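Please load the model in your viewer and keep a selection tool at hand. The stops below go from a single side-chain pair outwards to an interface, a core and a pair of domains.

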Number of protein chains: 2
Amino acid sequence: MTTIRDVAKAAGVSVATVSRVLNETGYVHEDTKKSVTAAIEKLNYSPNEVARSLYKRKSKLIGLLLPDITNPFFPLLARGVEDELRLHDFRLIFGNTDENPEKEKDYIQTFQQNNVIGMISMTNQLSKTTYQDLSIPVVFLDRTSSSLPSVYADGKEGGRIAAMEMIQRGSKRITLIKGPSHIQTAQDRFQGSLEVLSASEVDFYVMSTSSFSFEEAEKWAKELFKKYGDTDGVIASNDIVATAVLHEALRLEKSIPHDLQIIGFDDIPHSSLLFPPLSTIRQPAYEMGTEAAKLLMKLMKNNQMKEKSVQLPVMFIERSTTRKGEGHV
Amino acid sequence: MTTIRDVAKAAGVSVATVSRVLNETGYVHEDTKKSVTAAIEKLNYSPNEVARSLYKRKSKLIGLLLPDITNPFFPLLARGVEDELRLHDFRLIFGNTDENPEKEKDYIQTFQQNNVIGMISMTNQLSKTTYQDLSIPVVFLDRTSSSLPSVYADGKEGGRIAAMEMIQRGSKRITLIKGPSHIQTAQDRFQGSLEVLSASEVDFYVMSTSSFSFEEAEKWAKELFKKYGDTDGVIASNDIVATAVLHEALRLEKSIPHDLQIIGFDDIPHSSLLFPPLSTIRQPAYEMGTEAAKLLMKLMKNNQMKEKSVQLPVMFIERSTTRKGEGHV
DNA sequence: TTGAAAGCGCTACCAG
DNA sequence: CTGGTAGCGCTTTCAA
């Protein structure tokens, strides 16, 4: 392992000088700079980030917390975060929390022990105040908040769009699936759809569900068609749920989208790979990730910002589980 | 920020003593230990990992390199790695390399700068010697190697099984899709299938492809049915490719599995969500991850191990793109 | 423009 | 059994 001392020796200067050229700080003569650079090159030296981190009490590490990377919605977000942060030489320590507060706390603690300089959290468990007590900036991703920095998609508008498209495309007896009540984004979507549906002439049925898991969703889907067999349009709380509904409909040999239209939410990569491909409301996941990273970096420079939240637009992705519209919305 | 000094002061002992109780090293009287523990508790102190890392020249961080977390095969692997490592208090720094050697080198360098104590790599780009020069143990995941530590599934056997099941279930004109030639695991599968097919009585057609992307795969699928429209069984190089084939077959209104059987490879979560659900050869991705983590931890304790590679078994997952077998293999 | 030296928080050695 | 202290590799005063 080559250290700054080795470089100093090789260049015939002091470590202070090497440090100066490394950090481009203070004055250093052009010539000595050259010889230092040469020595660095020659020894293939790169500074020890740990030592830097210790002295400065801050690293180039960012903590990333997400519920479960195995859930297809998160990889794209994580990728967005990573790509953006990488451009600025930050690195990511990450942890899956499984929505478990203990794990979450545990990770936060070890993140701090490693001098992370900021955090991005996609979890829903810990209260906001828990985060507020941290001495480092945190941005919440895929979680709405007016008071704390956060990046999220316009779920309410998404819900509205879904309902409008559904009506526009001719469904008369619509089922609206309401996602888990502790997930704010799911509630926003629901409210948006509800608003439009209420104001419309169509009949609709609200089905409450309590998780986003596929297995659960399959059960609800069965139940749905049993209870409300003549529904001709379902607005699902996300794409996984929509997939379960699609499955069940296909099993019942319903013709899609003729007998039944389905609109999902998220546009996870899987959705376009279904047959028929799923119409859905896209959240710009990757971009949400990059935006969160950008916001965090701003916050790290200036913790007293006003513009703390960014809301991204959603859009309807027309695929094959909806009928052709008769003139668009 | 509270330091070991604060604790020492609060407990009325020296920092050395605090360090001893922290690390359970050396002798310390039961009473002083108690008062130290109390002080730690009271001050809510937790040691600075950065300082530790600097002194010991090793951290509790592990580097994880993968091509792209957005590819549905990787999250499960990553999750396995994380869960296992977490049990032993290690944390993960990770990077997506996009199979780009520059990014890969870049990450490896910064990992080292952060004193990572080991690495798990799922990439295929950098030569093995590049890794061998590292001073820390590395295990390769989803990449075969007899010389270097690695964890992978038995692709060849998987290929054999796929071919046997296909034949067993009555396909007579089989298409075998050969994945990218630079990916060893893909070649193993191919060889396994080829072996069985060659020794059998059925006709078969080999189609060479050069990537795993869905878009590319869609093109090949179209081409496949144009060239070899009466094929009644395709063994795909992975589930994404299988999905593309399934799409095209459905579009052509082939009856699955009556007219055409399809077997994929990997068993990514998406595969069971298709309609019809995809029959496939499962790689135990999560377990591969945990095994890689275990192997790495062994290596970190004892770098001179012999048992350096672990091969995991694959299994056939019967779903609905294959016909019911007439007595199993 | 440069160097000496203090010190970031911790561990481990050596004395006592 | 305990404390003093050197030093991990680096940055940053302070003097020169």
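Begin by selecting B:Asp98 and A:Arg79, whose side chains meet in a salt bridge at 2.2 Å, N to O (a salt bridge being a side-chain nitrogen of Lys or Arg within 4 Å of a carboxyl oxygen of Asp or Glu). This is a predicted model, in which local features need pLDDT of at least 70 and side-chain atom pairs count only at pLDDT 80 or more, while totals for chains, interfaces and linings use all residues. Residues are numbered from 1 along each chain as its sequence is written, chains are lettered from A and ligands numbered from 1 in the order in which they are written, and side-chain values use heavy atoms, with hydrogens and water left out.

Next, widen the selection to the interface of chain B and chain A, where the count is eight salt bridges and where 46 residues of chain B are in contact with 46 residues of chain A (contact meaning heavy atoms within 4.5 Å). About 4500 Å² is buried between the two chains, carbon and sulfur atoms giving 59% of it (the accessible area, with a 1.4 Å probe, that two parts lose on being put together, summed over both). Within that interface, pick out B:Arg79, B:Leu273 and B:Phe275, which supply 16% of the area that chain B buries against chain A, more than any other three residues.

Now turn to the largest nonpolar core, which has 146 residues (buried Ala, Val, Leu, Ile, Met, Phe, Trp, Tyr and Cys residues joined through side-chain atoms within 4.5 Å, where buried means under 20% relative accessible area, with a 1.4 Å probe and protein chains only). Among the members that touch the most others are B:Leu141 and B:Val151. Select B:Leu141 and, leaving aside neighbours within four places in sequence, look for its contacts, including B:Leu77, B:Ile120, B:Val151 and B:Met288. Apart from this core lies another, of 30 residues, with A:Leu126 and B:Tyr107 among them.

Finally, colour chain A by domain: an automatic or database assignment gives domain 1 (4-55), domain 2 (61-153 + 287-313) and domain 3 (155-284). The C-alpha centres of domain 2 and domain 3 of chain A lie 29 Å apart, and between these two domains the rule finds zero salt bridges.

Key. Buried means under 20% relative accessible area, exposed over 50%, partly exposed in between (1.4 Å probe, protein chains only).
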